[in-house]
Structures are given as structure tokens and as C-alpha cells.
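The following note sets out some points on the model for a colleague at the bench. They concern the sheet, the helices that pack on it, the aromatic pairs and one pocket.

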Amino acid sequence: MQERPYVISIAGFDPSGGAGLLSDCKTFEQSKVMGLGVCTALTLQTASQCLSLEWRPLDEVTKSIQVLMGSYPVSAVKIGIVKDAEFLDEIIKTVKIGNPEVKIVWDPVLKSTSEFNFFDLKTLPQLKTIVNKLSLITPNYNEYSVLKENNLLPDTNKCSLLIKGGHRKDHLGTDILVEKEKEIVLQPNSHNDEYFPKHGSGCVLSSAITAELAKGENMETTCRNGKLYIEKFLKSNPSLLGTHV
């Protein structure tokens, strides 16, 4: 049997299992990659609300990354919630020391759907020098608007941009991939009325994309395959906690 590629999720712990590390590792397993995990924060949340957040010390996070990168041939990394721009930058540096060629996807979660703030917005300007170190960022439409207003979108010759369409008022569910300054429109594969809202759907999509990158797919194919995965997830059942099928 061919060995599966190794992928790390660097994200928060959500006890409901719908988002963060638990959700990412479910996605990795279903996507046929070996999922590893580093916890950035302990949260107390359910599918409908986030009640508390406790950040792990940055040195503990980077040490965990060093151990995993030194022990396994990691080919792709997904980053979820991070405290601020410095936290993100140190994570990227540590990952690249372990493997300079690693693909890094950041899902820039600024706040939860229930309006719980994760990222320290005062550090947003520092992202200008950080985002181009990544392979792909996957903001939802609201997060894209914040990054655009603050002139923080990546140079797409260096870092691709996937604008998720789940929060759009027009063309709901239509994603836009910008790679090397070229826009590729990714239309929904099913009717929107077949989908149910899901807690952690952004985590699932970015994890599915990271898994595809680890398998060596190009960026457009990766995002298309990730879209197929998330659409199955959104159709899996009517509750806020989806199942991986």
C-alpha cells in the first residue's frame, strides 16, 4: 500500500468536533492523507455558540510543530485560528524551517459566525509582509472584504487567493480562485437549496484543499476537489454538525 502524504492542522480545539483540529482531522482521514495536529487554542463551544477561548503559549505551539516536522515528511499544512499576526508569522517560519517546500494554507478566521472575535485586529497591518509567505488563503466573503479594505490581499503570483462564496448576498456559493492574477470562477455543483448551514464548514473546505495539495494536485484542481468535498458535507444532514461522507 502506498504511504499517504502527511498533513498538519495547526488550529484550535473545538469540543463539539464541528470545527478546528477535530474537524480537520476527520477531513484529512476521509481525504486519504495522514492527519497530524497542533493546538493553537482551547475553546469551549457548541455548534451554535463560542463561550470561551484560551490561547496556548506560542513557544509550546512552535515546539510541537518542530517535533512533528522533524519526525514526519510533512508536505502540507493548514493553519486555522491564530491569536495575531506575530503568532501566524512564527508558525510559518517554524514550518518552513522543517520543510522549505511545504504548502501552507491559511484560513483567516477573524471571528466566528456567532461573532466571537479570534484574531487581534490591531495587528492586521502586519499581515502585509506575511501573507505572501503562504501558498493559499481562503477567506470567506466578509473576511475578504476586511483584507481588501486594509490593502492586505496577497500578491497572487506568490500566494493564491480563494474567496469563499458561502456568505455572498449575490451568487451564493460561487467561489473565486485568484492565481497569478487570473480569476477562476468556481460555480456550485448543485442547487443551493440542497445545502444546509454547517458549523465549521470553512475549516472543512480549507482542510480538504490542504489534503489535495499534499497529494500533488495543482491549485485549480485542488480547489475544485475541495468544493466537491464541502458540498457533500453541507448536504450530509440538516443539523449544524455535518458528517463526512
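1. In this predicted model, nine strands make up an open sheet with mixed pairing, and their order is S3-S2-S1-S4-S5-S6-S7-S8-S9. The edges are held by strand S3 (50-55) and strand S9 (182-186); each has a single partner strand, so one side of each is left without a neighbour in the sheet.

2. At the S3 edge, the pairing with strand S2 (residues 34-45) is antiparallel and runs over five bridges. Within this part of the sheet, Thr43 stands opposite Leu53 in S3.

3. Two helices deserve attention alongside these strands. Helix H2 (residues 58-71) packs on the sheet and touches S1, S2 and S4, with its direction at about 165° to that of S2. Helix H1 (residues 20-30) lies across strand S1 (6-13), S2 and strand S4 (74-79), and runs at about 155° to S1.

4. The whole structure contains four aromatic pairs. One of them joins Tyr6 and Tyr72: the ring centres are 5.2 Å apart and the planes stand at 25°, under the 30 degrees limit, so the pair counts as stacked. Because Tyr6 belongs to strand S1 and Tyr72 to the loop between H2 and S4, the pair ties together parts that are 66 residues apart in sequence.

5. The second largest pocket has a volume of about 310 Å³. Its lining comprises 20 residues, and Lys103, Ser135, Lys158, Ser160 and Met219 lie nearest its centre. By class, the lining of this pocket has eight charged, seven nonpolar and five polar residues.

Terms used
Residues numbered from 1 in each chain as written. Predicted model: local features only at pLDDT ≥ 70, side-chain atom pairs only at ≥ 80, totals over all residues. Heavy atoms only, no water. 1 Å grid on protein atoms, 1.4 Å probe; cavity = no way out; pocket = protein on both sides within 12 Å on 5 of 7 lines; lining within 4 Å. Points joined across faces, edges and corners; volume = space filled by probe spheres on them. Nonpolar A, V, L, I, M, F, W, Y, C, P; charged D, E, K, R; others polar. Pairing = 2+ DSSP bridges. Helix = DSSP H or I, 4+ residues; strand = E, 2+ residues; numbered from the N terminus. Contact = heavy atoms within 4.5 Å. Axes fitted to C-alpha atoms, helices over the stretch in contact; angles between N-to-C directions. Phe/Tyr/Trp six-rings, centres within 6.5 Å; stacked < 30°, edge-to-face > 60°.
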